[in-house]
Amino acid sequence: MGFLPLPSLAGSHPSYLEAYNKILSCHRRSPLSSASSVIMLVAPNVDALCGARMLATLFKQDDIAYRIIPISGRDELDRTIQDLKENSNLLTLMLINMGSYYDLPSEELFGEFDLKVTIHVIDSARPQSLANLFTGGENGERIVTWDDGQPHKLKEEKASWEIVQYDLQGGSDEENDDDERSSEEEDVNSISSDSSSRKRRRAAGHGQRKRRRLSPGFTSEELEEHEKRIDRYFCSGTSHGQSAASTVYILATLLERADNDFLWFAILGLTFQYITSRISRDTYETYHAIYYDEVSRLNSYSSTGDTDILFSVGPDDTGLRSTNELRFMLYRHWTLYDAMFHSSYVASKLGIWKEKGRQRLTGLLAKMGFSIPQTQQPFPNMDMDLRKSLLKKLNDLAPEHGLVELSYPSFVRCYGFRTLPLSAADAVEGIGALLDAGGGLRMEIEVEGMRNGGEWFGGRRLWERGRSETVSKQTQGVAAPLKATSNEKITTDDEAEDRENFRQEPLWWVKNFWAAYDALTDVVALKNSLPLAMSLQRAIIRQGTSIIDKQDIRTMRNHRVVILTQGPDLELFCNPSILTRLALWLVDALRDRLPGTIFGSQTKKKALPFVVACLNESRARYTVVGIMASVDFDQLRKNQFALAFLLAQKQSSARVEFNTFDSSVVEIEEKDLKIFLEALCEQ
């Protein structure tokens with residue numbers, strides 16, 4: 001099939017519904033159908049979790065046995081592929097939020113799998129591998145990419161890719177030029193053989209595939225122009241398209257099975273993309289308009305402009321409602337002061353890392369008529385009239401402090417009388433906290449009610465995989481590693497040594513994955529995760545304000561660098577996801593205070609490129625994250641650091657590993673960080 005277009009663009013081409021029906025028919029035709037015939041490989045992020053949960057529900061409704069395997073990165077994927085090669089019952093493999101970067105038909109990935117196995121890719125990451133989209137033959141066409149319409153816009157890239165891939169025959173001059181290009185391509189492939197999708201010029205089919213002549217021949221100049229077009233496509237920067245959850249929701253709609261549960265998961269996937277700066281405000285509002293209509297269709301009580309939605313219509317009310325979401329962190333479940341203090345948007349406008357900034361925040365609340373005791377107690381316990389007048393007073397007074405975009409359109413879901421309604425942003429924060437810090441770290445969370453009167457004499461809870469333990473304030477286990485055990489299956493003695501070592505590594509992140517997966521449908525577990533999300537945000541704000549206060553931001557030629565080598569939360573920020581959140585907070589906080597720069601040669605637009613590195617003392621490595629933020633709030637810039645990291649590695653010969661599905665996140669040996677950053681300055 002190659003790729004599946006949106007149903008509205010499919011025409012006579014197969015779309016999502018046909019692909020799903022084919023999965024069902026292949027499973028039912030096999031007399032030995034089992035849970036090993038349909039397998040989902042799922043990346044550990046909120047969008048992938050929501051997409052996997054929806055697919056699991058569809059399979060269950062159709063009596064299809066399936067397995068879900070969480071995959072953390074490329075190394076984990078390679079090991080899983082080796083195991084799956086031994087699975088003779090495998091018919092369908094689904095990759096959720098992974099795989100679009102890699103040339104999947106290549107022999108090192110799925111090229112050696114039995115041709116009866118179909119690989120479905122549901123991934124929001126862009127750009128997509130042209131080999132996945134356009135490779136022909138049985139080996140190429142069994143790679144099915146569930147797309148949002150982008151391949152229809154790649155007609156020129158497709159033509160150039162086919163010419164470069166198959167038609168490199170010509171005169172002697174052309175052959176010499178081809179040899180030179182081939183050597184250059186081998187250099188690039190040697191850099192990114194295990195971590196990048198830019199192995200685009202490698203033959204993606206079986207070994208017996210032969211190059212074919214598409215035309216009488218091309219001059220070296222024409223071939224070079226085609227290669228430049230492909231380079232522009234891959235080097236334009238990484239971005240994100242339609243969320244995986246939205247893709248699966250479209251499938252549920254085509255199957256006429258869409259309900260509030262499916263719609264809620266789709267909304268969570270979209271909200272995750274927005275609050276993690278993967279999509280722009282314009283893109284978010286485009287999808288929001290679609291989901292607004294869906295909420296109105298499936299719910300009788302659908303629209304309200306009140307931000308104080310603290311009630312359900314009845315004990316069985318599980319409906320969805322649209323609302324305006326304030327840019328305050330978990331404000332419905334926190335104190336109003338803390339919610340505003342820990343908001344990146346408020347931080348950027350008021351400068352809360354300084355005493356004057358905190359005074360501005362206190363002054364704003366005083367002008368609004370909110371006393372200190374009111375702002376220091378949980379939001380649901382505030383006076384009703386203050387809660388109802390919050391949005392109006394903010395709109396009247398906040399613009400004086402530059403707070404002009406305090407809200408955005410979103411949704412909340414009711415849970416009857418079991419708990420207060422949860423907004424989409426709150427749910428994403430809770431699930432994300434379970435994924436990042438639900439286990440493997442000792443996180444200290446506040447006990448509700450201990451703020452006033454119990455600060456010095458009370459205690460807090462230690463979050464440890466769902467159970468808590470009261471400790472005194474003097475014992476603050478912020479980021480100490482926990483002992484975890486692997487849940488890998490026991491293999492035979494003839495397994496490779498690296499797989500033997502892998503079994504011995506702690507897999508606490510797998511338990512985090514399943515805890516977050518279960519919380520999607522368990523409102524009690526989801527609500528209990530909110531204090532963990534608050535504690536995680538506190539650590540981010542604490543580290544971010546420390547960086548700014550100590551002036552630890554180094555200005556390089558075309559980007560800025562922060563290096564973390566000590567502190568109580570050092571172990572916490574070795575997690576790429578949490579380190580990325582810290583980098584995003586720094587950008588948001590300093591957006592109005594730093595000039596934009598041009599990074600890379602592929603664009604002339606100014607951005608705010610940031611590189612944040614954190615030392616993992618136990619492994620003697622740095623986790624390094626590169627982000628490209630727009631100089632304008634709620635806008636987006638494609639991330640140029642994926643290519644910049646590759647080129648810096650090649651130039652510096654630093655020991656770098658690209659082991660996540662985000663190519664702008666790398667691990668670097670401690671001794672090589674300096675030469676790597678020096679090479680990065682020249683990109």
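Let's start with one pair of residues: Glu-657 sits opposite Glu-667, which belongs to strand 20. Keep in mind that this is a predicted model. The two strands meeting here are strand 19 and strand 20 (residues 665–669), and they pair in the antiparallel sense over 2 bridges. Helix 24 (residues 641–652) packs on the sheet too, where it touches strand 17, strand 18, strand 19 and strand 20, with its direction making about 140° with that of strand 18.

Now zoom out to the sheet itself. It's an open one with 6 strands, ordered 15-16-17-18-20-19, and the pairing is mixed. Strand 15 (554–555) and strand 19 (656–657) form the edges, each pairing on one side only.

Next, helix 23. This helix lies across strand 16, strand 17, strand 18 and strand 20, running at about 40° to strand 18. At its start, a side-chain oxygen of Asn-575 comes to within 2.9 Å of the backbone nitrogen of Ser-577. The length checks out as well: at 1.5 Å a residue, the 15 residues of helix 23 (residues 576–590) should span 21 Å, and its end C-alpha atoms are indeed 21 Å apart.

How enclosed is helix 23 by the rest of the structure? Largely, because 12 of its 15 residues are buried, taking under 20% relative accessible area as the cut-off. Among them are Ile-578, Leu-582, Trp-585 and Asp-588. As for what surrounds them, the buried residues of helix 23 pack against helix 14 (344–350), helix 18 (424–437) and helix 22 (530–549), along with strand 16 (560–564), strand 17 (607–616) and strand 18 (621–630).

Definitions and conventions. Residues numbered from 1 in each chain as written. Predicted model: local features only at pLDDT ≥ 70, side-chain atom pairs only at ≥ 80, totals over all residues. Heavy atoms only, no water. Helix = DSSP H or I, 4+ residues; strand = E, 2+ residues; numbered from the N terminus. Expected span 1.5 Å × (residues − 1). Buried < 20%, exposed > 50% of the residue type's maximum accessible area, 1.4 Å probe, protein only. Contact = heavy atoms within 4.5 Å. Polar contact = N/O pair within 3.5 Å; in protein donor to acceptor, adjacent residues only side chain to side chain. Pairing = 2+ DSSP bridges. Axes fitted to C-alpha atoms, helices over the stretch in contact; angles between N-to-C directions.
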